[in-house]
Amino acid sequence: MENAHLRLGLLEYVRITEKTSARIRLRVDRYMGEDRQAHLLSVFGNDSDVGAITAAVHEKATFSLTFPDGTTKDVSLGEHASCYKGAVMLPGRKHPVRHLVAVSQELHSNGTSGRTLLLRYRREEAWATLVSFLGLPADPTWADHMLGVVERKKHIEEIDGIGCEPVLVSATTEEVLEWIGEGLRSGALAFPCETGAVGWPRPSIAELLKIMPVSI
């Protein structure tokens with residue numbers, strides 16, 4: 001892939017002990033956050049560096065994050081963050097590249113407080129996510145109307161991202177149910193003509209992660 005480094009961020013962490021200090025740097029391929037609060041952090045590097053960052057996340061450490069455009073921000077995942085580690089074998093390398101995905105407590109319980117975080121905003125995907133997380137009785141064909149309501153009420157906010165285009169949708173179950181009721185009363189929405197299971201779109205993980213264009 002050409003110029004892949006131009007789409008990556010840089011995470012820096014200074015680890016200080018009584019006897020030594022070390023600066024750890026890892027590349028960031030995915031990030032989602034609001035101001036200083038990080039929600040999703042995906043980094044890769046060698047075993048020792050990834051291990052150090054994992055420990056720092058659990059210690060609620062603050063990291064310096066450099067975005068692809070050169071801007072820098074101090075961020076932290078806060079309390080009760082979750083870490084998931086893996087390894088990626090690359091051709092020509094004896095040792096695998098270590099991969100870490102760290103998730104904030106809020107993202108781990110996404111949608112439960114009336115705040116739904118999305119890696120990208122597409123009406124069909126956003127509607128399916130809201131219905132699932134908020135436990136709503138709804139139909140896939142309502143996506144355009146309902147997300148149009150959410151947009152007009154300015155309940156969608158773009159947030160910081162690397163390798164994705166994340167947004168925050170602020171809407172509680174009660175609010176969305178009220179908007180559904182208004183749509184049904186006005187005739188803008190209608191219940192399905194037939195009874196039975198409702199089929200929702202099922203994008204693959206590869207499709208969901210294919211957010212930023214890649215030059216080969």
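R123 counts as partly exposed, at 28% relative accessibility, and this arginine of the predicted model offers a convenient entry to the packing of helix 3 against helix 4, since R123 is among the residues of helix 3 that make the contact.

**Helix 3 and helix 4**

R123 forms a salt bridge with E151, in which the closest N and O atoms are 2.7 Å apart. Because R123 lies in helix 3 and E151 in helix 4, the pair ties together parts that are 28 residues apart in sequence. E151 is partly exposed, its relative accessible area being 32%. R123 also forms a salt bridge with D144, here with the closest N and O atoms 3.6 Å apart; this pair, too, links distant parts of the chain, with D144 in helix 4 and R123 in helix 3, 21 residues apart.

The two helices, helix 3 spanning residues 123–134 and helix 4 spanning residues 143–152, pack at an angle of about 85°, with their axes 9 Å apart, which makes helix 3 roughly perpendicular to helix 4. On the side of helix 3 the contact is made by R123, E124, A126 and W127, and on the side of helix 4 by A143, D144, M146, L147, G148 and E151. These contact residues divide into five nonpolar, one polar and four charged.

**The sheet beside helix 3**

Helix 3 also lies across strand 8 and strand 11, and runs at about 140° to strand 8. Both strands belong to an open sheet of three strands, ordered 8-11-9 and paired in the antiparallel sense. Strand 8 (115–118) and strand 9 (156–158) stand at the edges with a single partner strand each, so one side of each is left without a neighbour in the sheet. On average, and with direction ignored, neighbouring strands of this sheet are turned by 20° against each other. Strand 9 pairs with strand 11 (residues 167–170) over three bridges in the antiparallel sense, and V169 in strand 11 is the bridge partner of I156.

**Salt bridges**

The count for the model comes to nine salt bridges, three of which are set out below.

| Salt bridge | Closest N and O atoms |
|---|---|
| D47 and R98 | 3.5 Å |
| D144 and R123 | 3.6 Å |
| R123 and E151 | 2.7 Å |

D47 and R98 form a salt bridge that links distant parts of the chain, as D47 lies in helix 1 (residues 47–58) and R98 in strand 7 (residues 97–103), 51 residues apart. D47 is exposed, with a relative accessible area of 52%, whereas R98 counts as partly exposed at 30% relative accessibility.

Methods
Residues are numbered from 1 along each chain as its sequence is written. This is a predicted model: local features need pLDDT of at least 70, side-chain atom pairs count only at pLDDT 80 or more; totals for chains, interfaces and linings use all residues. Side-chain values use heavy atoms; hydrogens and water are left out. Axes are lines fitted to C-alpha atoms, for helices over the stretch in contact, and angles run from 0 to 180 degrees between N-to-C directions. Helices (H or I, at least four residues) and strands (E, at least two) are DSSP runs, numbered from the N terminus. Angles under 35 degrees count as roughly parallel, over 145 as roughly antiparallel, 65 to 115 as roughly perpendicular and the rest as oblique. Contact means heavy atoms within 4.5 Å. Ala, Val, Leu, Ile, Met, Phe, Trp, Tyr, Cys and Pro count as nonpolar, Asp, Glu, Lys and Arg as charged, and the others, Gly among them, as polar. Two strands pair if DSSP finds at least two bridges between them. A salt bridge is a side-chain nitrogen of Lys or Arg within 4 Å of a carboxyl oxygen of Asp or Glu. Buried means under 20% relative accessible area, exposed over 50%, partly exposed in between (1.4 Å probe, protein chains only).
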